[in-house]
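Please look through the model shown here before reading on. The questions that follow take up its empty spaces and the packing of some of its helices.

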Amino acid sequence: MVAAVAGTGTRRGTTAVTRYPRVSVVIPTRDRPELLSAAIRAVVTQDYPGSVEVIMVYDQCEPDRPPPAPAAPHRSVRVLGNTRTPGLAGARNTGALAATGELIAFCDDDDEWLPGKLQAQVDALAASGAAFVTCGIRISYQGHTVERVLDRDSITLADLLRDRMTELHPSTFLVRATALRDRIGLVDEEIPGGYAEDYDFLLRAARAAPLVNLPAAYVLVRWHRRSYFAQRWDTIAEALQWLLERHPEFATQPAGQARIAGQIAFARAACGDSRSALRWARRTLRGNPREARAYLALAVAGRMLRPDTVLRTLHRRGRGI
């Protein structure tokens, strides 16, 4: 199923548009029509003189309305169904493979690009010659708003092994299409439950070359219960174990390896597997005695804390486990 609505622009503006790379923005979606409309509107109204195509990929659901008509010239909206593995990774890949732009961006259907995002990132790619650029985010959670911005302009593989850097949200990603298809590779569809597919993608991208980062919040990210893998702790633990096996480079960064082990310990504790939680907590503390996730896991395993209480507290501060 494919539908398209295109903005044509004026003849006068055509020459100017061709000086800027065409950008394809992939927006996976499922049963969130109001938020999806806001996400699309924020993309097509970006003050970027180049051509922008929005690719809406419906995952495990049918479109409930025609695609919105772009409100600006040199904009188009296409609708696809996810033809690959059900879930976020397959939906992203369906859109990326259908994209016609020189640059490919991702945006979740419950997020919004803030003004200036696209122009700033395209300029950064042009100036650096890099293949991948990210930026900071503004997190909205239950009436609280927190900005998460990295004060650095380059991200290496070692940086990402030490720290997930949750500021680098998928809705901030802008990548050259050739790099995505030829060097980085598509989003991995084999990760258990699709959890941490964005982190795996970042690690592979940084393995190819350092990432460019803009130290400014250009994306509004909404956190809510439907955004979380709440009540899916087994899946989280399995995915994180998969991640450690997939990226043996974690062994070069003991603190980073301990961080992942601590997350696994917490997930095992949250699903009631105290024995496994204790085993992973011990492994965490051997790698880094200061890793707080191990102590949180022990508290949850000992029923001194509830996992949802821990998550709510962290989310109000714009952080995750």
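Q: How many cavities of 30 Å³ or more does the structure hold?
A: This is a predicted model, and the cavities in it are computed from its atoms. Rolling a probe the size of a water molecule over the atoms shows where empty space is left. Counted with the cut-off of 30 Å³ or more, the cavities of the structure number two.

Q: Which element gives the most to the lining of the largest cavity?
A: The largest cavity, with a volume of about 50 Å³, is lined by Ala131, Phe132, Ala179, Arg183, Ile184, Ala205, Ala208, Ala209, Pro210 and Leu211. Two or more of these residues come from helix 6 (177–184) and likewise from helix 7. The element that gives the most, with three residues, is helix 6.

Q: How many residues of the lining of the largest cavity are charged?
A: The lining of the largest cavity includes Phe132, Ile184 and Arg183. Its residues divide into nine nonpolar and no polar, and the number that are charged is one.

Q: Is helix 7 roughly parallel or roughly antiparallel to helix 8?
A: Two packed helices are described by the angle between their axes and the distance between the axes. Helix 7 (residues 197–208) and helix 8 (residues 233–246) have their axes 11 Å apart and pack at an angle of about 15°. Because angles under 35 degrees count as roughly parallel, helix 7 is, with respect to helix 8, roughly parallel.

Q: How many charged residues are in the contact of helix 7 with helix 8?
A: On the side of helix 7 the contact is made by Tyr199, Asp200, Leu203, Arg204 and Arg207, and on the side of helix 8 by Trp242, Leu243 and Arg246. These residues divide into four nonpolar and no polar, while the charged ones number four.

Q: Is helix 8 roughly parallel or roughly antiparallel to helix 9?
A: Helix 8 and helix 9 (residues 254–270) pack with their axes 8 Å apart, at an angle of about 160°. Because angles over 145 degrees count as roughly antiparallel, helix 8 is, with respect to helix 9, roughly antiparallel.

Q: How many nonpolar residues are in the contact of helix 8 with helix 9?
A: Among the residues of helix 8 in this contact are Trp233, Ile236 and Leu240, which are joined there by residues of helix 9 including Ile260, Ile264 and Phe266. The residues of the contact divide into three polar and three charged, and the nonpolar ones number eleven.

Note on methods:
Residues numbered from 1 in each chain as written. Predicted model: local features only at pLDDT ≥ 70, side-chain atom pairs only at ≥ 80, totals over all residues. Heavy atoms only, no water. Axes fitted to C-alpha atoms, helices over the stretch in contact; angles between N-to-C directions. Helix = DSSP H or I, 4+ residues; strand = E, 2+ residues; numbered from the N terminus. Parallel < 35°, antiparallel > 145°, perpendicular 65-115°, else oblique. Contact = heavy atoms within 4.5 Å. Nonpolar A, V, L, I, M, F, W, Y, C, P; charged D, E, K, R; others polar. 1 Å grid on protein atoms, 1.4 Å probe; cavity = no way out; pocket = protein on both sides within 12 Å on 5 of 7 lines; lining within 4 Å. Points joined across faces, edges and corners; volume = space filled by probe spheres on them.
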